[in-house]
Amino acid sequence: MDVVMLSRLQFYATSAFHFLFVPLTLGLSWIVAYMETRYVRTGDETYLAMTKFWGKVFLINFAVGVVTGITLEFQFGTNWSGYSAYVGDIFGSLLAIEATAAFFLESTFIGIWIFGWQKLSKKAHAGVAWLVAIGSNLSAVWILIANSWMQHPVGYTIRNGRAELTDFFAVITQEFAVLQIIHVLSSAFVLAGFLIMGISAYHLLKKQHVDFFSRSFRIGIVCGLVGSLVVAVEGDFHAKDVTEKQPVKLAAMESLWETTRQAPIYLFAIPDEENGRNAVEILPIPGVLSFLGHGDFNAEVQGLNDFPRDERPPVLLTFLAFRGMVALGTYFILISIYAFIRRNKLLESPLLLKIMLFSIPLPYIAIQLGWVVTELGRQPWIVWGMMRTSDAVSPIAASQVITTLVGFMLVYSLLGFAGYYLIFRHAKKGPSLEAA
Amino acid sequence: MDLQLIWFFLWGLLWAVFFMTDGFDFGVGTLYPFIGKTDEEKQTMITAIGPLWDGNEVWLVAAGGVTFAAFPLVYAVMFSTLYSALMLILFTLILRGVSFEFRGKIDDPRWKRLWDTCIFVGSFAPALLFGVAFANIFQGIPFDGEGVYHGSLLTLLNPYGLLGGVLFLLLFLQHGALWLGIKTDDALQGRATRVAAMVWPLVVVAAVLFLVASWFQTNLYANYLAHPALFSVIAITVLALLTVRVFIARKAWFKAWFASALTIVGATFFGVIGLFPNLFPSSLDAAFNLTARNASSSPLTLKIMLVVAIIFVPIVIAYQAWSYNLFKHRVAPADLAHDETY
């Protein structure tokens, strides 16, 4: 493998790992702040116990998320120096603003939240929880603005042999960014909600801490249901936006080869990239793809064969990842509705509880797949239509990247194993009795 | 308004603040296995930096981010030429970060020993390596006009680079030991402050050697000779270092720590001022030097970033100062009893 592939692999591995932890941080930060606020408002000790129990899950997860984020910032310089030099004028400033305006906030106040229980009034401490949530989510907002610029560059001009900023406001308010922000922040709620429901289900199945976990479960239902509905509605706008701005990505997501009017969606298809067609396609639903892309069943949708081969993303993986994500997203809505219906009869619904326990990994998978669609679907570009990934890599030796790739595998295995072991152990143990 | 000049010094300032704040975390982490004799003392040491280290480390992210935003070409060439050294720093910082959170969660000696080791390595290695990296930047890095590095990790471990590493390490050890003087009491405080007194003469020796070696190995003094008033920065730094010893003798730990902080900022600026206008000089040919003039972002980006910095940096400093004030007390046994702390 050459430096480009190795660096791509390393960036994929490290960002995918990072994003195992980030969504839970994003979603759970609001939930914990809400729980603590309820405690301050009502004086109900169960809410305090909830804050502490779910707060501990949050903190273990937060630690891994934070330390693995720096890796990504570093890699733009270490592995993608061509990219950094070419677009740093715009992309670099977004990362710098993220650090200054958001990352400081979450990192400073997380320390105060952990150690400040005795130092601050109850109200102030709950306020700190909100600041952590705001800081974490604002961080994500800036990073997503930066990522959206790679997907759909705006507000720039090519000057002095690089991309230079011309309209900062256009960069931070573009539609692609707004949609991506809504998508990521609400899917984080789904993940956090399902984790809460899953862990609660474990204890409810054992009929222990029933009041504590029934109430937690119901908070989880709200997050899962509202989050998954928002993702679905936003996803519709998102698909239309992608159709307009990245038509070849949409074609790969649906494995559509020929430009067609009334483009159907095939319930089952197997792409054949070699021959530019689908090896198998059965059960078409006519016009649905046209409708998803353009809001009109008769509209024309561009197929992959309209684009030169060297401007197409890898079809099979993009297609499968998109399918998987959508299927899981649909499942989240349905099961959340069912959970909502059964919300006051949780103990009498062992099947639901079992399903929710085993559903914990699913939002993780859906979010990972979503990033595969977004980032693999962006290839062969590092910045859509502007710079190819192969032109962006640093002048470094493959042996250097292999060494660090192995290093990341070792260090991240340790982190992942230890982090999830701690969360698992804590989740299984349940809330401490003295706090409850 | 000379935006490039302003950003050059803000760039230096961010690194200086990072070394000043996370520097004592590195010091405490390096001393950790040696002066934390019991588990309670170890926990006390972690709690002494626990509420603050994360916010301190963000100064590194900000310094990196500002390098990226204000001087993209420097970011690209610096990070790719120093690939192995920076990755090593990164790995060790990652391990340090999770160790604080993980260590106390399971009461098992083997589990704790694993994360204790990571805390030490994750403090010692960055302290040393940041010094090595910056000393090498001061004397120039062997890279060509295409940004290709002609050397290896070992190239950086030359005598001057190592001297820089040792100087940083000693400065941070002193800084961390004095922080423990503020934050702990009894036997632990006694041990920490004895270390501070012991390390101080070593810092002086390393600093003198570094100042002399810089004369022969680098062009740092050119700016000072051109503008002799700048020598006052060196004078203030030396004075701050001497003051550290005075306050140690008086057992005025906070004042000694403050003087030590000033020493670290001064030491960073000694190099930054000497570098100007270079940010990343090449040792192969001065024509390849990346400077504030030839490697900066567009005026618009520099302007927007300046507005962001003027608004947010004071806010950040304000809430971090509040946080330092909130946790200025000595760590008491009651602080260790809480479930959610480290």
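This report covers the cores, the chain interface and selected local features of a predicted two-chain model.

## Basis of the model

The model is predicted, so local features need pLDDT of at least 70 and side-chain atom pairs count only at pLDDT 80 or more, while totals for chains, interfaces and linings use all residues. Residues are numbered from 1 along each chain as its sequence is written, chains are lettered from A and ligands numbered from 1 in the order in which they are written, and side-chain values use heavy atoms, with hydrogens and water left out.

## Nonpolar cores

A nonpolar core is a set of buried Ala, Val, Leu, Ile, Met, Phe, Trp, Tyr and Cys residues joined through side-chain atoms within 4.5 Å. Buried means under 20% relative accessible area, exposed means over 50%, and partly exposed lies in between (1.4 Å probe, protein chains only). The largest core has 254 residues, and the members that touch the most others are A:Trp54, A:Tyr83, A:Phe217, A:Leu415, B:Trp179 and B:Phe280. Helix α3 of chain A (residues 81-115) gives the most to this core, with 21 residues. Helices (H or I, at least four residues) and strands (E, at least two) are DSSP runs, numbered from the N terminus. Another core, of 15 residues, lies apart from the largest one and includes A:Ala263, A:Ile265, A:Val301 and A:Phe322.

Contact means heavy atoms within 4.5 Å. With neighbours within four places in sequence left aside, A:Trp54 is in contact with A:Leu28, A:Val32, A:Met35, A:Ile196, A:Ile199, A:Ser200, A:Phe212, A:Phe213 and A:Ser216.

## Interface of chains A and B

In the interface, 72 residues of chain A are in contact with 66 residues of chain B. The buried area (the accessible area, 1.4 Å probe, that two parts lose on being put together, summed over both) is about 6,100 Å², and carbon and sulfur atoms give 78% of it. On the chain A side, A:Phe74, A:Phe104 and A:Phe115 lose the most area to chain B, together 13% of what that side buries.

The rule finds 0 salt bridges across the interface, a salt bridge being a side-chain nitrogen of Lys or Arg within 4 Å of a carboxyl oxygen of Asp or Glu. It finds 12 residue pairs in polar contact, both residues at pLDDT 80 or more. A polar contact is a pair of N or O atoms within 3.5 Å; within protein, one must be able to donate a hydrogen and the other to accept it, and residues adjacent in sequence count only if both atoms are side-chain atoms. The elements of chain A that give two or more residues to the side touching chain B are α2 (45-78), α3, β2 (162-165) and α13 (398-429). Of these, α3(A) gives the most, with 25 residues. By class, this side of chain A has 40 nonpolar, 23 polar and 9 charged residues. Here Ala, Val, Leu, Ile, Met, Phe, Trp, Tyr, Cys and Pro count as nonpolar, Asp, Glu, Lys and Arg as charged, and the others, Gly among them, as polar.

## Buried helix positions

Helix α8 of chain A (residues 247-254) is largely enclosed by the rest of the structure, because 8 of its 8 residues are buried. Among them are A:Lys249 and A:Glu254. Just after α8(A), A:Ser255 takes a positive phi of about 50°.

In chain B, B:Gly164 lies in helix α8 (residues 159-183) and is buried, at a relative accessible area of 1%. B:Gly164 touches B:Gly131, B:Val132, B:Ala135 and B:Phe210, not counting residues up to four places away in sequence. Its C-alpha atom is separated by 8.0 Å from that of B:Leu128, 36 residues apart along the chain. B:Thr263, in helix α12 of chain B (residues 253-275), is buried as well, with a relative accessible area of 3%. Leaving aside neighbours within four places in sequence, B:Thr263 is in contact with B:Leu171, B:Thr237, B:Ala240, B:Leu241 and B:Val244.

## Backbone exceptions

Most residues other than glycine have a negative phi, and most peptide bonds are trans. The bond from A:Gln379 to A:Pro380 is cis, with omega near 5°, and A:Pro380 lies in the loop between α12 (361-376) and β7 (381-383) of chain A. In chain B, a cis peptide bond joins B:Phe276 and B:Pro277, with omega about 5°; B:Pro277 is in the loop between α12 and β1 (278-280).

A:Asn160 has a positive phi of about 55°. This residue sits in the loop between β1 (156-159) and β2 of chain A and counts as exposed, at 64% relative accessibility. B:Lys251 has a positive phi near 55°, lies in the loop between α11 (231-249) and α12 of chain B, and is exposed, with a relative accessible area of 61%.
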